[in-house]
Amino acid sequence: MSTSFLSQSRQSVGPSSQSYSRSCSHSTSTSLAKVLFQSVVLGLAGASLAKAASMANTFQIVGNSGVSAQQLFLGSPNKIYFVDKTENNPLRVTSSSGVEHAAWGSEYDLRTNEFRAMDVVSNSFCAGGNVLGNGTWLNVGGNQAITWGGLTAASQTGGQPYDDFDGGKAIRLLDPCDNSTACEWNDDQSLYMTTRRWYPTLETLEDGRIIIVGGCSWGGYVNTEAQNNPTYEFFPSRGSPVTLNILTTTLPANLFSFVWLLPSGNLFIQTNWGTEVFDYKKNTEYLLDDVPSAVRTYPASGAVAMLPLTPANNWTATLMFCGGTDLKADQWTTNWNIAGYPADKTCVKISPDVSVEWEYDDPLDTGRSMGQFIILPDGRLWFGNGVALGTAGYGNESWAIGRSYGDQPLLQSWYFDPSAASGKRWSKAGVSTVQRLYHSSATLLMDGSILVSGSNPNPDYVDKSIDPSITYVTEYQVEIFYPDYWDKPKPVPVGMPKNISYGGDYFNVSLPSDAFTSHSDINATKFVIERTGFSTHAFNMGMRHVELDSSFTASDDGSAIFHVSQAPPNPAVIAPGPALLFCVVNGVPSEATWVMLGTGQMGRPPTTELAELPTSSWPSSWFASSTDSATTQSASAPSSSSSSSSQASGAERRVGASVSLLLLILGVIMLAF
Ligand SMILES: [Cu+2]
């Protein structure tokens, strides 16, 4: 695919009814039946053309990742960083020692959809990641150096074929470079951990430091007592690893434990069936009831997310878990057909700062393992990727699908709206054309779309030319999913800040009148911070959505100035570091502004009380014809502030109505004959 096509495919194309209008214009002199036939057929064609031009709810393949996207993150406004395990990717890179070898890292530029190879140095197989308070990204842990087929290499310190080093204790640092290609992973052995961690979880804390939790020494499908690393430590280091008891009682499916910093300053930990609140400052664990219905951690791999923290819910954290697999501790053996076992379809949630009770939420349409949540700027969650049968993982067993322990990939993606009425929270989003099994990943982008990549349930790179019998190959295709708001005109806020503090003065952001289709849109405008997180193994470490408090002053001309609070004066609501700031008007997000939460330095950021917001106000002229302010506020917009969004959707509705009318007339005529 050419670059020009690729860049075009990321542009918004609004729906149009032009072709329908043209098809009608030259049919006036023909017979009634012909008119009706042409109108109906061409009208339908016109309507479907209008639909085809729409990007909303579609996936588009835009490029290649270069290496398999086992791990990825949005490191800067226009750069995605992919990290793979050491394997025989055709992409080559040269080590600092001058050895050319297969690459297992790459940088992807969203402006050009092109990638460059990066040298990751040590084996980052199933590493964890997150971003420090100063904006440096961490990639932690992995496996020993390997050779062809993923087998352990004789040398653990470089050499052919991959010149890779043992990554079990590795700490890899990256300062992303948006406007150059100069940045590289810094794999500095003097910073390494003292113990091995394969499948560790990383969560950023109030002072910008990262806690590194769990993992095992040598890998495998699930953890074992012999290789368990039931400890946590910090980066920058605060000394030797400390035992975390829950990791000793939750074998074997307790790798990539889910760890979230709660607004209370405690950590919520969910791993295998076990669940607890952990006061990491006092090293005290408070056990809660087991997660209901299914295991959600790897390799069951349910979809997980912290639901949006908003002024309306007083920034209370709710953790949501959907799908996974209901296997008990003794069932994680590979002597039976795991790949044929249906995945779980329940969704459960808990708000541990206010209640220790688990609750069920609307279930999935179909059971799913390795489903993944991405929080959208409008507060809904996108849910995609994964399989209906089996689990994460791969191996040589006769029942494996090729090598995959998962089967029947699910291409349908969904929206979950936590604010909708119970029973109505799920609705269909787009259908992907690419199967996303084990080792897939996804992230929100600055423009409100979602990048999806990965899938490689194999020990080494494989395509159809290497093994024609392989069902699930190493997948490089990068897709973008365009949510349903994509075709609507984006609001263009003026005055978005580059820094957000924890408390202090509010800031002002203005929106012109054409940002609103009605006065009520002003009331429906939100400002949200999104941490997009580090994506691997069907979840994004550090992904979080925090809505800021705001009020507005609307003007006679239909424009409005929004008064937007800083982040709550509590870095446990959202940890310091880089994030995206969106303005969302009635569900349609602006392009994000890249912001730094806190000072951009390591250390607990200063906090101060939030300044009180001005009371929201409408111009008195809008109330002239009515004393009922509620009626006035929801009145339709004056023609001067009607945007192309309402016109476009109006045109679509008109096309639909005309086609229906013509079909009705045609039906009546046919009945008459
Ligand atoms: Cu893995």
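1. In this predicted model, Arg-92 and Glu-100 form a salt bridge, with 3.0 Å between the closest N and O atoms. Arg-92 counts as partly exposed because its relative accessibility is 42%. Glu-100 is also partly exposed, its relative accessible area being 43%. Both values fall between the limits of 20% for buried and 50% for exposed.

2. The pair is one example of a wider set: the whole structure holds 19 salt bridges. In general, side chains of opposite charge can pair when their charged atoms come close.

3. Arg-197 and Glu-233 are joined by a salt bridge between their side chains, at 2.8 Å from N to O. Distant parts of the chain are linked here, as the two residues are 36 residues apart. Arg-197 sits in the loop between strand 11 (186-187) and strand 12 (201-204), while Glu-233 belongs to strand 14 (residues 231-235). Are these two residues buried or exposed? Arg-197 and Glu-233 are both buried.

4. Another salt bridge connects Glu-479 with Arg-436, and the closest N and O atoms are 2.9 Å apart. Glu-479 is part of strand 32 (residues 477-482), whereas Arg-436 is in the loop between strand 29 (426-431) and strand 30 (440-444), so the bridge ties together parts 43 residues apart in sequence. Glu-479 has a relative accessibility of 1% and therefore counts as buried. Arg-436 is buried as well, with a relative accessible area of 2%.

5. Salt bridges also occur as a network. Which residues are linked in it? They are Lys-79, Glu-107, Arg-116 and Glu-184.

6. The model contains a copper ion, coordinated by Cys-126 through SG, Tyr-438 through OH, and His-439 and His-537 through NE2. The coordination distances run from 2.0 to 2.3 Å. Along the sequence, the spacing of the donor residues is C-x311-Y-H-x97-H.

7. Two of the copper donors come from distant parts of the chain: Cys-126 and His-439 are 313 residues apart. Cys-126 lies in the loop between strand 7 (114-118) and strand 8 (128-131), and His-439 in the loop between strand 29 and strand 30. Arg-436, from the salt bridge with Glu-479, is placed in the loop between strand 29 (426-431) and strand 30 (440-444) too. Cys-126 is buried, and His-439 is likewise buried.

8. What is the geometry of the copper site? The site is tetrahedral, with angles of 91 to 134 degrees among the 4 donor atoms. The assignment holds because four donors count as tetrahedral if all angles lie between 85 and 135 degrees. For comparison, the ideal angle for four tetrahedral donors is 109.5 degrees.

Definitions and conventions. Residues are numbered from 1 along each chain as its sequence is written. This is a predicted model: local features need pLDDT of at least 70, side-chain atom pairs count only at pLDDT 80 or more; totals for chains, interfaces and linings use all residues. Side-chain values use heavy atoms; hydrogens and water are left out. A salt bridge is a side-chain nitrogen of Lys or Arg within 4 Å of a carboxyl oxygen of Asp or Glu. Buried means under 20% relative accessible area, exposed over 50%, partly exposed in between (1.4 Å probe, protein chains only). Helices (H or I, at least four residues) and strands (E, at least two) are DSSP runs, numbered from the N terminus. Donors are N, O and S atoms within 2.8 Å of the metal (3.2 Å for Na, K and Ca); water is not among the atoms, so sites may look incomplete. Four donors count as tetrahedral if all angles lie between 85 and 135 degrees; four count as square planar and six as octahedral if opposite donors are over 155 degrees apart and all others between 65 and 115; anything else is irregular.
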